[in-house]
Amino acid sequence: MSTPVDFCGLRLAHPIVNGSGTFDAIAARRTFGDALLDEFPFCAFVSKTITLEPRDGNPPPRLYEAPAGLINSIGLPNKGLRGYLTDDLPQLAQLPVPLITNVMGSTSDELAELVTALDARPEIDALELNVSCPNVETGLDIGADPRELHAVVTELRPLTAKPLIVKLTPNTADVAAVAQAAQDAGADAVSLINTLRAYAPHPRATGAAWLGNATGGLSGPAIRAVALAQVREVAGRVAIPVMGMGGVQSGLHAASMLDAGATVVAVGTENFRDPAAGTRISRELDDLFANSGEKSGRTSGA
Ligand code: RRO
C-alpha cells in the first residue's frame, strides 16, 4: 500500500507522476477506455505544454533514437489556450487524479494571460511553468538565467493562488542558482530535469542534420546520472519540494531520485515504451520500501 505524499499542498496517493508531454491521457482513454481511470498510472497528471496561441510544432523528422535515449524536437504543437480549455480540459478533468497544467510563453504578457485564464479553472490543481525557452523581449533564456527567471516568476506569482511549479532546464551553468531564484520569487516547487540539448546527425553521415529543427532534447536512461546530480544539487539548495525526473525506468531508479532529495518522481520517456510504466514503477517502489527497512543497498541500481 502506497504512502500518500504532500507535494506543495497537493495530496497525492503515491510519488509517481508523468513528465509533461510524455503521456497523452486523452489518447490513452480512447485506447484503454475506462480501464485507464480504474488504474491510472500516475498520482497526478501533468499536461503537455500549452501556449497562448495554437502551434503546429517543428518540421519532421521530430524523433531520433540515441544510445540509451531519445532526442526529440517536437516543437510544442498544441491547440493553444482556447483549444485546451474547450477540447482538452473537460476530458482531463475526468481523470481520477489532480491535474497540473504545463504552460510556456515567450513574453510576460503571454504568460500572464495564460496563468490568469488557467487560475480561473477549478478543474486545474496546479500550474507548471516550462521555462526552457527564450524571452523574446529580453533575448535571454528564461530558465537559464537566475535574474531572468526571478523577474518572470515575480510577475506571475500574484496572478494565481494555485501551486506554481517551475520546470527547470538542465541547459544552464548553475541549476541550483536558477532553482533558488524560482523559490525566492515565490514558486511552490521546482521540477527537473527537462531534456538536455542534443544534436542528431543524419544516420548516413550526409553532413545534414536528421531532425527538422536540427537540434532537440535528449531524454531517457542516457540522462539519468545527470538528472540525479542536478536533483541532488537543487534539493540541497532550496526548501521548496522537488519533482525529480530523467531516465527513470524502475522502482529502484525512482528510489534513487527520492534519495537525491525529490519528493515526487516523474516518469517520462519510459511511458512511450510501456504506457503502464507508472503503475509498475509505483508498485516496484512500494515493494522496495516494504522489503527493505534499511536504506543501504536499495539504491545501488545504476
Ligand atoms: O515540445 C517539445 O519539443 C519539447 C518541450 Br515543450 C520540452 O519542454 N521538452 C522537450 O524535450 N521537448
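**Exercise 1. Place Asn58 in this predicted model, decide whether the residue is buried or exposed, and find its partners.**

Step 1: Start with the backbone. Asn58 sits in the loop that runs between strand E4 (45–46) and strand E5 (63–66).

Step 2: Check accessibility. The relative accessibility of Asn58 is 15%. Buried means under 20%, so Asn58 counts as buried.

Step 3: Look for neighbours. Leaving out residues up to four places away in sequence, Asn58 touches Ser73, Ile74, Gly75 and Asn213.

Step 4: Zoom in on Ser73. Its backbone oxygen is 3.1 Å from a polar atom of the Asn58 side chain.

**Exercise 2. Which residues does a cis peptide bond join in the loop between E4 and E5? Then find a cis bond at Ile193.**

Step 1: Stay in the loop between E4 and E5, where Pro61 is placed. Pro60 and Pro61 are joined by a cis peptide bond, with omega about -10 degrees.

Step 2: Move on to Ile193, in the loop between strand E10 (189–192) and strand E11 (196–199). Here the cis bond links Leu192 and Ile193, and omega is about 15 degrees.

**Exercise 3. Describe the backbone and accessibility of Ala68 and Ala205.**

Step 1: Recall the background. Most residues other than glycine have a negative phi.

Step 2: Take Ala68, in the loop between E5 and strand E6 (69–72). Although not a glycine, Ala68 has a positive phi of about 60 degrees. At 48% relative accessibility, Ala68 is partly exposed.

Step 3: Turn to Ala205, in the loop between E11 and strand E12 (215–219). Ala205 has a positive phi of about 50 degrees. Its relative accessibility is 69%, so Ala205 counts as exposed.

Technical notes. Residues are numbered from 1 along each chain as its sequence is written. This is a predicted model: local features need pLDDT of at least 70, side-chain atom pairs count only at pLDDT 80 or more; totals for chains, interfaces and linings use all residues. Side-chain values use heavy atoms; hydrogens and water are left out. Helices (H or I, at least four residues) and strands (E, at least two) are DSSP runs, numbered from the N terminus. Buried means under 20% relative accessible area, exposed over 50%, partly exposed in between (1.4 Å probe, protein chains only). A polar contact is a pair of N or O atoms within 3.5 Å; within protein, one must be able to donate a hydrogen and the other to accept it, and residues adjacent in sequence count only if both atoms are side-chain atoms. Contact means heavy atoms within 4.5 Å.
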